[in-house]
Amino acid sequence: MKREDQWDKNYNAIIEFMLEHKRRPSKHRPEDSKMLNWIKYTKKTIVNGKISERRKEKFKVLMDIAERFQRKNQYTYLIPLDEEQDD
């Protein structure tokens, strides 16, 4: 499997996970660690300028989806999940 294919596979798995479980990968759950590490590594490559524009744009979409699942506290989300963003 090519690196590009593996990157896309990880990307799709994380989006699928967030939409299915209605939450971001958590550092408090060992089963989420692989996804969380992939997100942190990708952020690092963006900061270092070692990522293609295609991947950068796709990652921005992933972070926009993750923003919907950001918690204000343990009971409520910053953006209600039943509302669509108007951006």
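Here is a walk through the fold of this chain, from its helices to its core and its charged pairs.

Keep in mind that this is a predicted model. The secondary structure is quick to list: three helices and zero strands, so to speak an α-α-α pattern when you read along the sequence. The chain has 87 residues, and 31% of them count as buried. Its accessible surface comes to about 6800 Å², with 50% of that belonging to carbon and sulfur atoms. As for how the chain folds back on itself, take the contacts with a separation of 6 or more: residues 24 or more positions apart account for 46% of them.

Let's start with helix 1, which covers residues 3-21. At 1.5 Å a residue, its 19 residues should span 27 Å, and the end C-alpha atoms are indeed 27 Å apart, which agrees. Quite a list of residues is buried here: Trp7, Asp8, Asn10, Tyr11, Ile14, Ile15, Phe17 and Met18. What do the buried residues of helix 1 pack against? They pack against helix 2 and helix 3. Just after helix 1 comes Lys22, whose phi is positive, near 60°.

Tyr11 is a handy residue to click on. It sits in helix 1 and is buried, with a relative accessible area of 6%. Leaving aside neighbours within four places in sequence, Tyr11 is in contact with Trp38, Lys58, Phe59, Val61 and Leu62. One of these partners, Lys58, is 47 residues away from Tyr11 in sequence, yet the two C-alpha atoms are 8.3 Å apart in space.

Now move to helix 3, residues 53-68. Helix 3 has 16 residues and reaches 23 Å from its first C-alpha to its last, close to the 22 Å expected at 1.5 Å a residue. Its buried residues are Arg55, Phe59, Leu62, Ile65, Ala66 and Arg68. Look down the axis of helix 3 and you'll see these buried residues fall within an arc of 160°, so they line one face of the helix. That fits a simple piece of geometry: an α-helix has 3.6 residues a turn, so residues three or four places apart point the same way. The buried residues of helix 3 pack against helix 1 and helix 2.

With the helices placed, turn to what lies between them. In soluble globular proteins, nonpolar side chains tend to be buried together. Here, the largest nonpolar core has 14 residues, and those with the most contacts inside it are Tyr11, Ile14, Met18, Trp38, Ile39 and Leu62. Helix 1, helix 2 (33-47) and helix 3 each supply at least two residues of this core. Which helix gives the largest share of this core? Helix 1 does, with six residues. For a view from another side, try Ile39: apart from neighbours within four places in sequence, Ile39 is in contact with Ile14, Pro25, Phe59, Leu62 and Met63.

Finally, the charges. Side chains of opposite charge can pair when their charged atoms come close. The count for this model comes to seven salt bridges. One of them joins Glu4 to Arg54, with the closest N and O atoms 2.0 Å apart. This pair links distant parts of the chain, since Glu4 is in helix 1 and Arg54 in helix 3, 50 residues apart. How exposed are the two ends? Glu4 is partly exposed, with a relative accessible area of 30%, and Arg54 also counts as partly exposed, at 35% relative accessibility.

Arg54 has another partner as well: the side chains of Asp8 and Arg54 meet in a salt bridge at 3.0 Å, N to O. Again the pair links distant parts of the chain, with Asp8 in helix 1 and Arg54 in helix 3, 46 residues apart. Asp8 is buried, with a relative accessible area of 18%, which falls under the 20% cut-off for that label.

A further salt bridge stays inside helix 3. The side chains of Glu53 and Lys56 meet at 3.6 Å, N to O, and the two residues lie three residues apart, about one turn of the helix. Lys56 is partly exposed, with a relative accessible area of 30%. Salt bridges that share partners also join Glu4, Asp8, Arg54, Arg55 and Lys58 into one network.

Key
Residues are numbered from 1 along each chain as its sequence is written. This is a predicted model: local features need pLDDT of at least 70, side-chain atom pairs count only at pLDDT 80 or more; totals for chains, interfaces and linings use all residues. Side-chain values use heavy atoms; hydrogens and water are left out. A salt bridge is a side-chain nitrogen of Lys or Arg within 4 Å of a carboxyl oxygen of Asp or Glu. Helices (H or I, at least four residues) and strands (E, at least two) are DSSP runs, numbered from the N terminus. Buried means under 20% relative accessible area, exposed over 50%, partly exposed in between (1.4 Å probe, protein chains only). Contact means heavy atoms within 4.5 Å. Accessible areas come from the Shrake-Rupley method with a 1.4 Å probe; for residues, only the protein chains shown count as cover. A nonpolar core is a set of buried Ala, Val, Leu, Ile, Met, Phe, Trp, Tyr and Cys residues joined through side-chain atoms within 4.5 Å. The expected span of a helix is 1.5 Å times one less than its number of residues. The arc is that of the directions from the helix axis to the C-beta atoms.
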